[in-house]
Number of protein chains: 2
Amino acid sequence: MSTETWFQGHLKELCEDECLELLATKTVGRVAYSGPDGPEVVPLNFVLQDGTVLIRTSAYGTLGRRLQLGVAAFQVDEIDEFTQSGWSVLLRGSVEPVMDDALPAEDARPVVWPEGERSFHLRLTPRTITGRRLLPA
Amino acid sequence: MSTETWFQGHLKELCEDECLELLATKTVGRVAYSGPDGPEVVPLNFVLQDGTVLIRTSAYGTLGRRLQLGVAAFQVDEIDEFTQSGWSVLLRGSVEPVMDDALPAEDARPVVWPEGERSFHLRLTPRTITGRRLLPA
């Protein structure tokens, strides 16, 4: 881990490697995209694959239609209300559909919690990866 | 609570009252806004005041500048990785600065976890309030 001095209650920028390590600890993140009336944010299951975020949705739902070939952001965080601390990681980039032959093996694909057909895979390839950690005050 | 039939692993739409009740249980949410390179998402402390979301930031930071008089969304959720369930609430609307005389009493204002000057209050007034709950599978 970092050897920098940390200050309680202070925000510390995380490097890309730290961001990706933290991202890999989660199975749910939030995708943000521009809807017709401004930004929308939806939690989704995901897996990290070679530095990209792989998600699964329905091709016919709002999310599938809006996310195709667009710019989007993917956010994960961990917030501890008791110690008033936490971290947040944000990936910003473009989203595109993933063809079947570009998918990882069955057991490395996102496991989706809600029931229902969600066979449409999308990949967010980050252009920027940023994050911050807040130490307990 | 609702008397509707719930289906395990199914998503259930929440009504506005349920959304506001869930929102009130949290002290941290995520504001999403359109940056120059697409959507951005940042966790923030907040308080709910008369159905609006009150946040505090620095007037000189990126967030304060970008959020002024813009459309934005505010999202809160609770995710249980063990039972693979949770809920998410999304408020979409416009953000505007709050003048001092429109602020609630000192002890009803957002308590901000990070240190540093954050004396600039902004209010998101929701145009839509939507939410979903996912029952354990």
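This report describes a predicted model with chains A and B, beginning with a helix, moving on to paired strands and ending where the two chains meet.

**The helix of chain B**

Helix H1 of chain B spans residues 16-23, and within this helix Glu18(B), Cys19(B), Leu22(B) and Leu23(B) are buried. These four residues lie on the same side of H1(B), because they cover an arc of only 135 degrees around the axis. A general feature of helices helps to explain such a pattern: an α-helix has 3.6 residues a turn, so residues three or four places apart point the same way. On the other side of H1(B), the residues Asp17(B) and Glu21(B) are exposed. The cover over the buried residues of H1(B) includes several strands of chain B, among them S1 (11-14), S3 (38-49) and S7 (120-134).

**Strand S3 of chain B and its partners**

One of the strands that cover the helix, S3(B), is itself mostly covered, since 9 of its 12 residues are buried. S3(B) runs antiparallel to strand S2(B), which comprises residues 28-35, and 8 bridges join the two. Within this pairing, Ala32(B) has Val41(B) as its bridge partner, and the two strands form a hairpin with 2 residues between them. S3(B) also pairs with S4(B), again in the antiparallel sense, over 4 bridges, and here Gln49(B) stands opposite Thr52(B). The hairpin of S3(B) and S4(B) has 2 residues between its strands, and Asp50(B) takes a positive phi near 50 degrees there.

**Strands of chain A**

In chain A, strand S6 is largely enclosed by the rest of the structure, because 10 of its 13 residues are buried. The table sets out the two antiparallel pairings of S6(A), each with one pair of residues that stand opposite each other.

| Paired strands | Bridges | Opposite residues |
|---|---|---|
| S5(A) and S6(A) | 10 bridges | Val76(A) and Val89(A) |
| S6(A) and S7(A) | 12 bridges | Ser94(A) and Thr125(A) |

S5(A) and S6(A) form a hairpin with 4 residues between them, and in the turn Gln84(A) has a positive phi of about 55 degrees.

Another residue of chain A that repays attention is Phe46(A), which lies in strand S3 of that chain. Is Phe46(A) buried or exposed? Phe46(A) counts as buried because its relative accessibility is 5%, and the cut-off for this term is under 20%. Leaving aside neighbours within four places in sequence, the residues in contact with Phe46(A) include Leu23(A), Val53(A), Ile55(A), Phe74(A), Val76(A) and Pro110(A). Val28(A) is 18 residues from Phe46(A) in sequence, yet their C-alpha atoms are 6.0 Å apart in space.

**Where the two chains meet**

The contact between the chains takes 38 residues from chain A and 38 residues from chain B. About 3,100 Å² of area is buried between chain A and chain B, and carbon and sulfur atoms give 59% of this area. Pro39(A), Val41(A) and Trp113(A) supply 23% of the area that chain A buries against chain B, which is more than any other three residues.

Charged and polar groups also take part: there are 4 salt bridges between chain A and chain B, and 8 residue pairs are in polar contact across the interface. In one salt bridge the side chains of Arg30(B) and Asp77(A) meet, with 2.5 Å from N to O. The strands of chain A that each supply at least two residues to the side touching chain B include S2(A), S3(A) and S5(A). S5(A) provides the largest share of that side, with 7 residues.

Conventions: Residues numbered from 1 in each chain as written. Chains lettered and ligands numbered in written order. Predicted model: local features only at pLDDT ≥ 70, side-chain atom pairs only at ≥ 80, totals over all residues. Heavy atoms only, no water. Buried < 20%, exposed > 50% of the residue type's maximum accessible area, 1.4 Å probe, protein only. Arc of directions from axis to C-beta. Contact = heavy atoms within 4.5 Å. Pairing = 2+ DSSP bridges. Buried area = accessible area lost by both parts, 1.4 Å probe. Polar contact = N/O pair within 3.5 Å; in protein donor to acceptor, adjacent residues only side chain to side chain.
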